[in-house]
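Please walk through this structure with an eye to the spaces inside it, the surroundings of its ligands and a few unusual points of its backbone.

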Amino acid sequence: MTATIDGKSQAIRLGERLVDLINRSGIEIPQVCYHPQLGPIQTCDTCMVEVDGKLVRACGTMAADGMNVVTISVRADAARREAFDRILGNHLLYCTVCDNNNGNCTVHNTTRLLAVEHQQIPYKPKPYEVDMSNPFYRYDPDQCILCGRCVQACQTLQVNETLSINWEDPHPRVLWDGGAPIGESSCVSCGHCVTVCPCNALMEKHMLGEAGYFTSLSKPALSGMIDIVKGIEPEVGYGAILKLSEMESHMRESRIKQTKTVCTYCGVGCSFDVWTKDRQILKVEPAHGAANGVSTCIKGKFGWDYVNSPDRLTKPLIREGDTFREASWDEALALVGRRFTEIKAATGPDSLAFISSSKCTNEESYLMQKLARAVIGTNNMDNCSRYCQAPATMGLFRTVGYGGDAGSIHDIEKAGLVLIVGSNTAESHPVLATRVKRAHKMHGQKLIVADLREHEMAARADVFFRPRPGTDLIWISAVTKYILDNGLANQKFIDQWVNRAAEFKESLESFTLEMASDRCGLPVETLTKVAHMIAEADGVCVLWAMGVTQHTMGSDTSTAISNLLLATGNYMRPGAGAYPLRGHNNVQGASDHGAMPNYFPGYQKVDDPAIRAKFETAWKVSLPPKPGLDNHMMIDAIHEGKLKAMYLFGEEMSLVDSNANFVSDALSKLDFFVVQEIFFSETCRFADVILPASPSLEKEGTFTSTERRIQRLYQVLEPLEESRPDWQIIQDIANRLGAGWRYEHPSQIYEEIAPLTPLMAGVTYERLEGYKTLQWPVAEDGSDQPLLYTKEFNFPDGKATFFPVPWSEPTEQPNAEYDLHLNNGRLLEHFHEGNMTYRTEGIREKTPCTFIEVSPELAGERGIQTGSWLQLTSRYGKVRAQAVITTRVHGNELYMPMNSTDEAVNRLTSSHTDKATHTPAYKETSVQLRVLGEVGEDPLPRTNARHGHPTPQTGVEVERKWKRKDYRQPGDQLVQIQTR
Ligand code: SF4
Ligand code: SF4
Ligand code: SF4
Ligand code: FES
């Protein structure tokens, strides 16, 4: 298909918008409201062109075969200029003293593109105050051009549905919750609106007064300068004024640095540029991230104050009695080297253990396991995927062969149906959740949610149900059986691709819908409906997380999910498959790179002699042949006196492991404990040596996100004072033990990993440059696999396999003494216990503490109000926190977010584990509740988004603007705008 643009023929891509076709053909036309990631908004009218003699908006028109497009016509040009003149009536051009004058301001650049000298419609301020009530960004109505990009982003991309424009008002403006102050609205501070705003109407507060050379002037001085500019404009025109501001903008380039990094918080893998001025973080600017585009959540956009926190550890510390003293690196490293050598000599290499960080880089995990295996000689090596993700990996290993997501986030967007089991996706994987919310709201995707809580995704679902705790395996197996028994399965797929079908069918015999209904507390009709929806959907993606994995049957339930997908043929095609949502930014990568007791990098078994021989040759050592202890076994081994020393980096083990009191007890028994951290964490309290590390912004390396996507992070800042990147510290320790490592940059570490690891054979830093990414497996020639299993499954015969799984009762069931079930999990604003996020003041202000969610029924029964102080006691410990009464929980279910170091929910959880992987059964906890009598304020302050009242609409609703009496489409009268 071709169209003619200004007389030249241009090939059209499938489904291409006219504006994109024009841009691709190199013709520059204004397009103020258009943003490719938001689609057409059609509010600004600046993209007018003639198509077959008619004036149309290029953004709102699809390119079509044979179209005759004229951009250079008097009529179209006049229309575009008139439209932009109207925009300038809403926006004061004071670029030289504007913090947004950074070369990327759409209003500034369009003024230059159109060579506007004077405006026809005079600028008129709006009768509203600037809104500063959000801690992270501000809205200035006087600069708002009413393009609606922010509204479109909030309504259709983030789908928080906070923003709208009151088009019918004499003075339209952007509204939060229909007119509330931003800080008291449902705004979750994701920053989408700020990122896409084409001018300075929405700005990050950290930018204000900081970005420009003149922008820090006092308000009266600034107003004076703006008045001078306004005064000279009629005489000199905008051309000269813009030249001056462009000089100032160029000057900024030498002091503002923009560096690409990857988010340090969750496993979605958002990437963005960080803007810095010396050590000051001015803003985070997402645009090109393969996983996120312009999207972020509150943590990735605004949660970076911890990096410059005065609490950072900046010098090594050595224990002296009950306190610590500062030490030099030399002294601390010498001590670590000496004690590791002594302990190894006295009680053997297996009396030492190593725990890698799923927040640190792939290269750092690789070095840590190499230190354990090649230098010390033990496989006692693990990472915190043991606490959450190992069961999901096991379920996939059993059935399809690779322990990773079956496709990409794009596949989740494309699916006809998304089934979410035990995942509070909107809070734990916020940007990934936006893609589901968008597909559901805008593109008719179906959504089924199974969860104990009615969280946001549940509230949005087409079908939401609450199975009894620990019974997911039953209803999933029953739905699979129903599908197989009623001819709804994809028999062709099963016949061609799946082994053990008959045996599997037999294993499901007892899983009738009636049995499931009885055990799970669900109506048969709901299960039948779910079965039909799954069987009939055009592609099913199942998303699951810790609500599934943190049970004694975590691996088996994950297996049952994969069995269901195999039965319905939901592998080997786009828009389908299994998606265990990885929690930490690099929990996938830590395991991929060998931080596990039984695997070398790339899941190569330590007890396979041929594999071991390969690593022995490469590392020039002999290696221990038997799998080591995982981190759950390590705690038991310390209590048993078998494990004497531990080296851990970047993990708050004493709080995030289950049965925290038992774990803390163990850590206090170690003969020698080295903790490498950025803050003095709770775990540091048990250390003998504390080594100050650098966070992600201060180092280079790679992370692997939930979709197996490997991405590079670049160094944004120098390490603070004496802190060092973890890979350097691990190398320093290895060398104190005689290793003789000489890595000067993480890229050299990857050069060693790739040839040893078939899964990553083609990974190089060059192939990951900038925003380029690779999704493993990566072949030697650099080709990767966004969709796994395109040709075969990862088993010797290329076929997947059904894996029968029985059900057993969960542990720790409520009884007369511990009568309530306690669920726990993440909160949007905080990451885990909050060691990093509490150090951002705005986050602390909005979400200052943990709390206990109580259902209205239970609250009524026990006389509890929001704010009541409660004590929860389990068989393992006690915590105190205030109540929040909410319908998110139901009946005798309690929920406690994990964002506390003082009242950590893991003081209540047990040491029971998943049978196959030793992942703690965090979600199998029963407690007794005592109302303490005092009632305080709501632990969620008024400024918390959960108190807001969203205003859902389909988008910016430009039709309402077009209906205004004072609106007419530009171009239907010729208006003369003066230009150069
Ligand atoms: S939720 Fe708040 S920060 Fe996010 S797009 Fe909506 S208004 Fe903006
Ligand atoms: S605040 Fe919203 S409507 Fe106003 S200019 Fe920015 S993106 Fe456009
Ligand atoms: S969704 Fe996850 S990766 Fe993305 S910005 Fe938020 S915390 Fe970071
Ligand atoms: S860019 Fe087309 S109407 Fe704004």
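Strand 32 supplies the largest share of the lining of the second largest cavity, namely 4 residues, in what should be read throughout as a predicted model. That cavity encloses about 330 Å³ of space, and of the 30 residues that line it, Gly422, Asp451, Gly547, Asn823 and Lys923 are those nearest its centre. The elements that contribute two or more residues to this lining are helix 20 (546–549) and strand 32 (820–825). Sorted by class, the lining of the second largest cavity consists of 8 nonpolar, 16 polar and 6 charged residues.

Spaces of this kind can be located in a simple way, since rolling a probe the size of a water molecule over the atoms shows where empty space is left. In this structure there are 12 cavities of 30 Å³ or more, and the largest cavity has a volume of about 560 Å³. Its lining is made up of 40 residues, of which Lys359, His584, Gly650, Glu652 and Glu833 are the closest to the centre. Helix 25 and strand 26 are the elements that give two or more residues to the lining of this largest cavity, and the classes represented in the lining are 18 nonpolar, 14 polar and 8 charged residues.

Helix 25 and strand 26 appear again in the packing of helix 26, which spans residues 660–669. Which residues of helix 26 are buried? They are Ala660, Val663, Ser664, Ala666 and Leu667, and because they cover an arc of only 160° around the axis, they lie on the same side of helix 26. The spacing behind such a pattern is a matter of helix geometry: an α-helix has 3.6 residues a turn, so residues three or four places apart point the same way. The cover over the buried residues of helix 26 includes helix 24 (631–639), strand 25 (645–649), helix 25 (653–656) and strand 26 (672–677).

From the cavities one can turn to the pockets, where the largest pocket holds about 850 Å³ of space. It is lined by 37 residues, and those closest to its centre are His35, Asn104, Thr106, Arg149 and Glu285. Two or more residues of this lining come from each of helix 3 (106–113), helix 5 (192–196), strand 9 (202–204), strand 11 (271–277) and strand 12 (280–285), and among the elements it is helix 3 that gives the most, with 4 residues. By class, the lining of the largest pocket divides into 18 nonpolar, 13 polar and 6 charged residues.

The ligands have surroundings of their own. Around ligand 1 stand Tyr137, Cys154, Asn160, Leu163, Trp176, Cys187, Val188, Ser189, Cys190, Gly191, His192 and Cys193, a shell with 8 nonpolar, 4 polar and no charged residues. Around ligand 3 the residues are Cys263, Tyr265, Cys266, Gly269, Cys270, Cys297, Lys299, Gly300, Pro430 and Val431, and here the division is 7 nonpolar, 2 polar and 1 charged. Helix 7 (298–302) and helix 13 (430–442) each provide at least two residues of the shell around ligand 3.

The backbone itself deserves a closer look, given that most residues other than glycine have a negative phi, and most peptide bonds are trans. Leu146, although not a glycine, has a positive phi of about 60°; this residue sits in the loop between strand 6 (137–139) and helix 4 (149–157), and because its relative accessibility is 10%, below the limit of 20%, Leu146 counts as buried. Met572 is another residue other than glycine with a positive phi, near 65°, and its place is the loop between helix 21 (554–567) and strand 22 (577–580). A cis peptide bond, with omega about 0°, joins Trp776 and Pro777, and Pro777 lies in the loop between strand 30 (774–775) and strand 31 (800–801).

A last residue to consider is Asp608, found in the loop between strand 24 (604–605) and helix 23 (609–619). Is Asp608 buried, exposed or partly exposed? Its relative accessible area is 30%, and because this value falls between the limits of 20% and 50%, Asp608 is partly exposed. Its C-alpha atom is separated by 53 Å from that of Phe136, and the two residues are 472 residues apart along the chain.

Key. Residues numbered from 1 in each chain as written. Chains lettered and ligands numbered in written order. Predicted model: local features only at pLDDT ≥ 70, side-chain atom pairs only at ≥ 80, totals over all residues. Heavy atoms only, no water. Near = heavy atom within 4 Å. Nonpolar A, V, L, I, M, F, W, Y, C, P; charged D, E, K, R; others polar. 1 Å grid on protein atoms, 1.4 Å probe; cavity = no way out; pocket = protein on both sides within 12 Å on 5 of 7 lines; lining within 4 Å. Points joined across faces, edges and corners; volume = space filled by probe spheres on them. Buried < 20%, exposed > 50% of the residue type's maximum accessible area, 1.4 Å probe, protein only. Arc of directions from axis to C-beta. Contact = heavy atoms within 4.5 Å.
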